[in-house]
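Q: Please take a close look at one part of this structure, the position that carries an annotation in the record, and then follow the elements around it outward.

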Amino acid sequence: MTDTLTLRRPDDWHLHLRDGAMLQAVLPETARHFARAIIMPNLVPPVVTGAQAASYRDRILAALPDGMSFEPLMTLYLTEDTDPDDMAAAHASGLVKAVKLYPAGATTNSASGVRDFDKVRPVLERMAEIGLPLCVHGEVTDAEIDIFDREVVFIDRVLDPIRKATPGLRVVMEHITTRDGVEYVRANETDLGATITAHHLIINRNHILVGGIKPHYYCLPVAKREEHRKALVDAATSGDERFFLGTDSAPHTDANKEMACGCAGCFTATNTMSLVAEVFDRAGALDKLEGFTSVNGPRFYRLPVNDQTITLQKGEPVTYPDKIETRDGPVTVFDPGFPLHWRVV
Ligand code: NCD
Ligand code: ZN
């Protein structure tokens with residue numbers, strides 16, 4: 001039985017670091033294991049211009065504790081006013097690695113997102129031309145669409161038309177949660193990848209709602225039925241290079257989660273590697289773990305894989321803190337509800 005695994009150092013292809021006190025507290029949780037991360041731009045106000053991305057990158061690097069290495073891969077928040085020239089310049093300089101599309105109102109801090117997709121057509125065409133990937137929060141926001149159907153409807157009504165209208169546009173479907181999302185990726189040979197979170201490999205919608213409401217399992221896109229979770233595990237553990245880890249680790253203070261209108265987001269930065277190793281072990285797919293965490297993502301983003309490695313060891317259940325403390329208040333670490341046996345040593 002394998003009880004030691006050495007992997008190329010992993011990257012996180014979808015991460016929320018926030019700013020200020022929260023950034024200070026959560027950044028070491030990611031940098032401890034991950035070499036790089038695609039940094040989500042949904043600050044208040046959002047990171048829209050190249051100058052804002054440069055300044056956010058400086059704040060992230062300033063918050064990095066001495067002795068830790070970590071490279072933030074910056075993204076721009078797509079708005080109806082995004083300037084294609086500013087975007088192209090930020091990409092050409094090496095600062096910006098992707099642009100994030102939030103349909104307006106889809107999730108936390110998405111009010112400046114896109115309402116009319118025709119308005120961003122010139123930006124998308126420029127992105128296709130220069131090979132800059134579009135990271136997509138794939139949920140429609142129409143009030144009449146059931147929240148559990150919003151990903152599927154988005155694929156049909158928004159994503160597929162955008163991709164057909166913009167040949168060559170490279171798209172990452174972020175945090176897919178459905179079998180339909182998996183199948184859409186599999187059916188499209190080129191220019192399409194998808195991130196999968198650790199928590200969507202573990203919880204289904206029952207975990208959120210049965211036996212009392214569990215605010216720390218509530219995130220967007222919301223976890224779906226068990227059949228969908230299984231499809232995500234199949235995709236992640238299959239070795240298919242189009243699927244890679246994006247944790248969507250999204251810290252909110254307990255005060256903001258445990259309230260009458262609690263925020264969406266699961267905080268997994270602290271225990272991601274133990275979570276995914278457990279899932280891959282249970283699926284008999286430890287040989288596919290490195291592809292998912294450390295190889296498929298750089299391949300999609302056309303970046304080199306990391307030279308450094310990390311080692312995981314299997315043994316007694318791993319201990320990790322229930323919460324991390326921040327100057328804004330505690331943030332609860334995602335609890336899978338079962339013991340984890342793989343620790344990063
Ligand atoms: C994210 C956040 O809190 O910023 N929340 C979440 O539930 N995933 C936003 C997002 O990625 O949707
Ligand atoms: Zn996110």
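A: UniProt positions are given here in the numbering of this structure, with feature names shortened, and an annotation may be inferred rather than shown by experiment. With that caution, the unreviewed UniProt entry lists Lys100 for "modified residue: N6-carboxylysine". The model is a predicted one, in which local features need pLDDT of at least 70 and side-chain atom pairs count only at pLDDT 80 or more, while totals for chains, interfaces and linings use all residues. Residues are numbered from 1 along each chain as its sequence is written, chains are lettered from A and ligands numbered from 1 in the order in which they are written, and side-chain values use heavy atoms, with hydrogens and water left out.

Lys100 is placed in strand β5 (residues 96-101), where strands (E, at least two residues) and helices (H or I, at least four) are DSSP runs numbered from the N terminus. The residue is buried, at a relative accessible area of 1%; buried means under 20%, exposed over 50% and partly exposed in between, for a 1.4 Å probe and protein chains only. Setting aside neighbours within four places in sequence, Lys100 is in contact (heavy atoms within 4.5 Å) with His14, Met40, Pro41, Leu76, Tyr77, Leu78, Cys135, Val136, His137 and Glu174.

One of these contacts, Leu76, is also the bridge partner of Val99 in β5. β4 and β5 pair in the parallel sense over four bridges, pairing being counted when DSSP finds at least two bridges between two strands. Between β4 and β5 the chain passes through helix α3 (residues 84-92) in a right-handed β-α-β crossover, meaning that, with the strands pointing away from the viewer, the path from the first strand over the helix to the second runs clockwise. β4 (71-77) is itself mostly covered, with six of its seven residues buried.

On its other side, β4 is joined in parallel to β3 by four bridges, with Arg36 opposite its bridge partner Glu71, and β3, α2 and β4 form a right-handed β-α-β unit. Helix α2 (residues 50-63) lies across β3, β4 and β5, running at about 150 degrees to β4; such axes are lines fitted to C-alpha atoms, for helices over the stretch in contact, with angles from 0 to 180 degrees between N-to-C directions.

The wider setting of β5 is an open sheet of eight strands with parallel pairing, in the order β2-β3-β4-β5-β6-β7-β8-β9. β2 (12-15) and β9 are the edge strands, each with a single partner, so one side of each is left without a neighbour in the sheet, and the twist from one strand to the next averages 30 degrees. At the β2 edge, two bridges link β2 in parallel to β3 (residues 36-39), with Asp12 standing opposite Ala37. Towards the β9 edge, β8 (residues 192-196) has five of its five residues buried, so this strand is largely enclosed by the rest of the structure.

Around the sheet, the largest nonpolar core, meaning a set of buried Ala, Val, Leu, Ile, Met, Phe, Trp, Tyr and Cys residues joined through side-chain atoms within 4.5 Å, has 95 residues, of which Leu17, Phe70 and Leu201 touch the most other members. Apart from this core lies another of 13 residues, whose members include Val48, Tyr77, Phe244 and Tyr301; Tyr77 is also among the contacts of Lys100.
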